[in-house]
Amino acid sequence: MSTSHFPSMRFAAAVGLLGLANGCGRPPPQTAGEAAAVIPSQVSTDLTGYDIRRIRPQKTPLAEGFQHMREAAVGDKRRVAVLFSADWCQACRRLELEFGSMHAPGVIDDVRILEFVEEDWEAATRMDEVHELRRRWYPRFDNYPVMILLDANGDKIEEMEEAIARLKAAQLEPSMANWFVSARDQLGA
């Protein structure tokens, strides 16, 4: 997954979480204004991009490698989000566009996204390890993308579909930036 940024743009048009929750194979919703609603007081010329780490198969078992990466993120004072995606998935490609967005400091820069792409693990015939890890927080295997925000202990705080419902109920734009900010504010972190 590309983590390239578009420095000439203050904010790229954000892909709302609402469009991603529909998953692959379904047409995106026909809504106006899919840009993230970032609080104006947070706008700055110092922009930051998403911190994404694509986890590929190594010699160590996935559970062990993931634990090490999660602990390193927590040690760096980052919250951890886990993303399960696939190269063939259209919704995952829309999410990749959001990862090219830049945001003001304090919006997304305290979250590290650990990504597992199906094709990396299928090629190594280790999808069973990915399924086992995913099952910790999300029991279904019939859709992509799936993103889960974790607490410092590695327990699920909230899954993307849950965040959409919560943000909509609060009358906030269901964007990734709003999810990360509101989840942090909700926890008082």
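The following exchange concerns a predicted model of a protein and the terms used to describe it.

Colleague: What makes up the secondary structure of the protein, and how do the elements run from the N terminus on?

Modeller: The protein has seven helices and five strands. From the N terminus on, they run α-β-α-β-α-β-α-α-β-β-α-α.

Colleague: What makes β1 and β5 the edge strands of the sheet?

Modeller: The five strands form an open sheet with mixed pairing, in the order β1-β3-β2-β4-β5. Strands β1 (51-54) and β5 (156-159) each pair on one side only, and these are therefore called the edge strands. On average, neighbouring strands of this sheet are turned by 25 degrees against each other, direction ignored.

Colleague: Why do β4 and β5 count as paired?

Modeller: Pairing requires at least two bridges, and three bridges join β4 (residues 146-150) to β5, so the two strands count as paired. They run antiparallel. Leu150 stands opposite Lys156 in β5. The two strands form a hairpin with five residues between them, and Gly154 in the turn has a positive phi of about 90 degrees.

Colleague: How do you know that helices pack on the sheet, and which strands do they touch?

Modeller: A contact means heavy atoms within 4.5 Å. By that criterion, helix α2 (residues 62-75) touches β1, β2 (79-85), β3 (111-117) and β4. The direction of α2 makes about 160 degrees with that of β3. Helix α6 (residues 160-169) also packs on the sheet, touching β4 and β5, and its direction makes about 70 degrees with that of β5.

Colleague: Why is Lys77 called exposed?

Modeller: The relative accessible area of Lys77 is 73%, and exposed means over 50%, so Lys77 is classed as exposed. Lys77 is found in the loop between α2 and β2. Its phi is near 60 degrees, a positive value in a residue other than glycine.

Colleague: What makes a positive phi worth noting in a residue other than glycine?

Modeller: Most residues other than glycine have a negative phi. Gln171 has a phi near 60 degrees, again a positive value in a residue other than glycine. Gln171 lies in the loop between α6 and α7 (176-187). With a relative accessible area of 73%, set against the cut-off of over 50%, Gln171 is therefore exposed.

Colleague: Why is Trp88 called partly exposed?

Modeller: Trp88 has a relative accessibility of 46%; this value is neither under 20%, as buried requires, nor over 50%, as exposed requires, so Trp88 counts as partly exposed. Trp88 lies in the loop between β2 and α3 (90-99).

Colleague: How do you know that the side chains of Trp88 and Glu118 make a polar contact?

Modeller: A polar contact calls for a pair of N or O atoms within 3.5 Å, one able to donate a hydrogen and the other to accept it. The contact between the side chains of Trp88 and Glu118 is at 2.9 Å, and therefore satisfies the distance limit. Trp88 and Tyr144 are 56 residues apart in sequence and 9.8 Å apart in space, C-alpha to C-alpha.

Colleague: Which peptide bond is cis, and where is its proline found?

Modeller: The bond joining Tyr144 and Pro145 is cis, with omega about -10 degrees. Pro145 is found in the loop between α5 (127-135) and β4. Most peptide bonds are trans.

Colleague: What share of the protein is called buried?

Modeller: Buried residues make up 47% of the 189 residues.

Key. Residues numbered from 1 in each chain as written. Predicted model: local features only at pLDDT ≥ 70, side-chain atom pairs only at ≥ 80, totals over all residues. Heavy atoms only, no water. Helix = DSSP H or I, 4+ residues; strand = E, 2+ residues; numbered from the N terminus. Axes fitted to C-alpha atoms, helices over the stretch in contact; angles between N-to-C directions. Buried < 20%, exposed > 50% of the residue type's maximum accessible area, 1.4 Å probe, protein only.
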